[in-house]
Structure formats: C-alpha cells, structure tokens
Amino acid sequence: MDRLGYSDYAVSGKVLVGTLAMVVATVTGSLLGGQLSDRSGRRKPYVLGSSLVMALSLALLAAAQSFGMYVVAVIVFGLGEGLYLSVDMALAAAVLPNPDESAKDMGVLNIGNALPQSLVPIAAVVGALAVQFIRSVK
C-alpha cells in the first residue's frame, strides 16, 4: 500500500476490502475444492494445484501496481487457500491408520496446528520480562 501511495488512514479501508474479498474467495475455494476432490476421489493433484495457485497469487501481489491488482491477487490467494485447506483436511483423514480412532487422531492434528499459536503470547511475555534485565537501556 505504501508503494501505491496510500496514506495510513486510507490503508485500513483498503486492507478491509482485501480481507473481505479473500474471505469470500477462501470459502468459495474450500467449497468447490472439497466437492471436486470428493467427486474425483483424488487429493494430491488438488494439493499441488492449490499450492501453485497460491504461489501465482503471491507473484501477482508482488507485482501489483494498483489497488485492483491487489484485490485480484488476494482473491486468487483465497481461492488457492480454500482449495488447499479443504483437500488437506480430507487428505489427513484419508491417511489415518485406524478408522476406529480417527477422532483421537484428528484431535492430535488439531493440537499440532493450534499449540504453536497458543504459545506465542507466552513467548512474548517471556521476551518482555527478559528485556527488563538489560541494564544499559532505560
């Protein structure tokens, strides 16, 4: 946004529009990707395709010369992200070792995804406390 010359005040509205567009695209990509993957019975091609779509979108974002290009890039990213998220969850469920314990295994997967995010606030507090021991800076 800085490269495009928007003021700090204008950026928040632009980011809101981009975020809303990306959320709609993510939901759309998730719904379409899940349905296509289920119909075809395949997962790997969708994981690869979604990764390529997200890579393309990041290249578009890096090259964006206007707000319209920015919105197109985040929409493309959202479609790819939605596709990836839906198919990734289906792929994880498909490779579980024991169908009778799938709830437990999916719970472990969820912990693996959520735990690092939960630890970030604790790490920030520990970092803030550690700074207090620096004597040469007030």
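Here is a short friendly conversation about this predicted model and the terms used to describe it.

Me: What makes up the protein chain in terms of helices and strands?
Reply: The chain has 4 helices and 0 strands. Following the sequence, you meet them in the pattern α-α-α-α.

Me: Why is the protein chain called more spread out than a compact globule?
Reply: Its radius of gyration is 20 Å, while the globule rule gives 14 Å for 138 residues. The value is well over the rule, so the chain counts as more spread out than a compact globule. To help you picture the outline, the C-alpha atoms fill a box of roughly 60 × 45 × 20 Å along the principal axes.

Me: How many of the residues count as buried, and what does the surface come to?
Reply: Of the 138 residues, 20% count as buried. The accessible surface of the chain comes to about 9,600 Å², and carbon and sulfur atoms hold 69% of that.

Me: Why is Asp 38 called exposed?
Reply: Exposed means a relative accessible area over 50%. Asp 38 has 54%, so the name fits.

Me: How do you know that Asp 38 forms a salt bridge with Arg 43?
Reply: A salt bridge needs a side-chain nitrogen of Lys or Arg within 4 Å of a carboxyl oxygen of Asp or Glu. Here the closest N and O atoms are 3.5 Å apart, and the pair qualifies. As for the partner, Arg 43 has a relative accessible area of 21% and is therefore partly exposed.

Me: Why can such side chains pair at all?
Reply: Because side chains of opposite charge can pair when their charged atoms come close.

Me: What makes Glu 101, Lys 104 and Asp 105 one network?
Reply: Look at the two pairs in turn. Glu 101 and Lys 104 form a salt bridge, with their closest N and O atoms 3.5 Å apart. Lys 104 also meets Asp 105 in a salt bridge, at 3.2 Å from N to O. Salt bridges that share partners join these residues into one network.

Me: Why is Asp 105 called buried, and why is Glu 101 called partly exposed?
Reply: Buried means under 20% relative accessible area, and partly exposed lies between that and the exposed range, over 50%. Asp 105 stands at 15%, so it counts as buried. Glu 101 stands at 38%, so it counts as partly exposed.

Me: How many salt bridges are there by this rule, and how far apart are the mean positions of the charges?
Reply: The count comes to 3 salt bridges. For the 9 positive and 8 negative charges of the chain, the mean positions are 8 Å apart.

Methods
Residues numbered from 1 in each chain as written. Predicted model: local features only at pLDDT ≥ 70, side-chain atom pairs only at ≥ 80, totals over all residues. Heavy atoms only, no water. Helix = DSSP H or I, 4+ residues; strand = E, 2+ residues; numbered from the N terminus. Rg over C-alpha atoms; globule rule 2.2 N^0.38 Å. Buried < 20%, exposed > 50% of the residue type's maximum accessible area, 1.4 Å probe, protein only. Areas by Shrake-Rupley, 256 points an atom, 1.4 Å probe, with all protein chains shown as cover. Lys, Arg positive; Asp, Glu negative; His and termini not counted. Charge placed at Lys NZ, Arg CZ, Asp CG, Glu CD.
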